[in-house]
Amino acid sequence: MKIDELSTLEISFNRLIETLLNKKTDNEHFTIKLHSERSQFTRFNHAKVRQTGCVADGWIELNLMQDQRNSFRQFPFTGNWETDWQAAYNAFKELREELPYLPADQYLVLPSGTNTSRETHSGKLLAAEAVVQTVLEQVAELDFAGIYAGGLVIQGYGDSSGQKHLFATDTFTLDYSIFTTSGQAVKGTFAGSDWDSTAYTAKISDAKRQIELLSHSRKELPRGNYKTYFAPSAVSDLLMMLSWGGVSEADIQQGNSALAAICRQEKQLSRLFNLKENFQRGLVPRFNEWGEMAAPEIPIIQKGMLVNTLVNSRTAKEYDKNANGANGNESLRAPELSMGNLAFEEILPSLDTGLYVSNLHYLNWSDRPTGRITGMTRYACFWVEKGEIIAPIENLRFDDSLYRFWGENLIDFTNFQEFIPEVGTYESRQLGGSMVPGMLVEDFTYTL
């Protein structure tokens with residue numbers, strides 16, 4: 001999207017907010033949220049284009065509140081004032097008629113404050129006509145499948161108290177798998193705001209080396225406990241489980257959190273474990289559904305101890321806590337896990353004999369109160385002996401507690417991090433991702 005197109009959308013969005021302010025009554029409150037994108041999507045299969053095209057999309061979510069009742073409508077947003085205002089006004093009238101029939105919500109959060117922000121990030125993405133050639137020239141001889149999604153994403157917020165925010169960023173993600181003739185695969189992601197051909201070539205070269213290793217006969221391992229190295233992608237999957245019954249204050253209060261034992265000071269994680277929300281990279285907006293701004297950095301776990309939970313205003317109101325700008329789900333939005341001391345060239349020698357796990361699959365809580373997570377290995381996972389990769393493994397199911405693999409059994413994190421992007425495209429392109437190192441763990445439990 002060009003600057004003038006962004007300006008047109010912003011002007012129309014701001015005008016919508018001002019007009020709604022004039023239309024509302026004194027005891028009505030509203031929030032209005034914008035999502036818009038101009039994205040190039042290209043799907044690949046067998047190193048050929050399966051589908052390609054550009055998507056221009058936008059929608060508004062209008063939430064109206066009165067007498068502790070609220071409801072919302074969602075409708076398309078085009079940037080054309082006449083079209084957008086008619087849709088907004090129709091939604092506004094429908095909500096007014098609907099509210100008296102809805103139950104009251106004692107923990108309803110009304111708009112407050114005067115926060116404003118405007119944050120834009122320009123990138124250097126591939127031109128739409130260059131995507132296919134640039135992506136495929138490195139993988140033409142391989143069974144390559146995946147999806148490239150790139151372009152500008154805009155998120156906006158306004159409300160009846162005068163808060164107003166706009167966030168716009170140029171990003172791309174390439175989510176891909178490369179398959180062998182026997183059906184095994186190497187999976188990878190490549191993402192950012194500036195396309196780096198050298199970095200992409202290095203990514204694919206590493207995948208090709210793993211493809212060669214996958215040509216060896218697969219090794220079946222009995223269930224048991226094995227020393228394991230988890231690559232950053234696998235660490236990211238484990239970390240994001242904390243967004244589901246982990247770092248949420250509501251989950252703590254309701255007894256649903258896997259970290260409750262830390263809150264009760266019964267357990268702690270390794271002193272090597274340091275987790276924070278880091279919004280300074282500009283990958284996601286700092287504002288939440290109520291227009292509240294999170295701090296640029298929020299420490300969550302320091303030296304194995306929980307120092308902050310994620311608290312939104314609704315939870316704060318219900319449990320008499322202080323909100324810290326968390327979203328409605330109190331989930332991680334910009335997580336960063338600190339590095340350790342394990343250098344890349346030391347990974348295999350330090351592992352010595354055990355498992356090298358590149359990716360995980362089907363993660364779930366098997367016993368949340370004790371922090372037990374179950375899942376499976378998937379894609380390019382190997383058996384290592386005396387610091388040398390010997391063979392790919394058959395998929396294994398694991399079941400272990402985060403108090404073990406991030407606690408007494410954590411040996412070290414790597415001294416480098418990797419950005420693992422969100423690649424979801426349901427309804428709209430998802431922003432952000434996690435910045436994580438790899439990790440080496442003793443005695444990880446595989447059940448079958």
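Helices (H or I, at least four residues) and strands (E, at least two) are DSSP runs, numbered from the N terminus. This is a predicted model, in which local features need pLDDT of at least 70, side-chain atom pairs count only at pLDDT 80 or more, and totals for chains, interfaces and linings use all residues. Residues are numbered from 1 along each chain as its sequence is written, and side-chain values use heavy atoms, leaving out hydrogens and water.

**View 1. The annotated domain, residues 224–446.** UniProt, in an unreviewed entry, places "domain: Metalloprotease TldD/E C-terminal" here; positions follow the numbering used here, the feature name is shortened, and such annotations may be inferred rather than shown by experiment. Helix makes up 16% of residues 224–446 and strand 37%, while the end C-alpha atoms lie 5 Å apart. For orientation, the protein chain as a whole has ten helices and 20 strands.

**View 2. The largest nonpolar core.** A nonpolar core is a set of buried (under 20% relative accessible area, 1.4 Å probe, protein chains only) Ala, Val, Leu, Ile, Met, Phe, Trp, Tyr and Cys residues joined through side-chain atoms within 4.5 Å. This one holds 47 residues, and Phe-230, Leu-238, Leu-402, Trp-406 and Met-439 touch the most other members. Strand β20 (residues 433–446) contributes the most, with five residues.

**View 3. Around Phe-230.** Which residues surround Phe-230, leaving aside its neighbours within four places in sequence? Its contacts (heavy atoms within 4.5 Å) include Val-235, Leu-238, Val-357, Met-439 and Tyr-446.

**View 4. A second core.** Separate from the largest core, this set of 33 residues includes Leu-136, Phe-144, Ile-204 and Leu-351.

Notes:
Buried means under 20% relative accessible area, exposed over 50%, partly exposed in between (1.4 Å probe, protein chains only).
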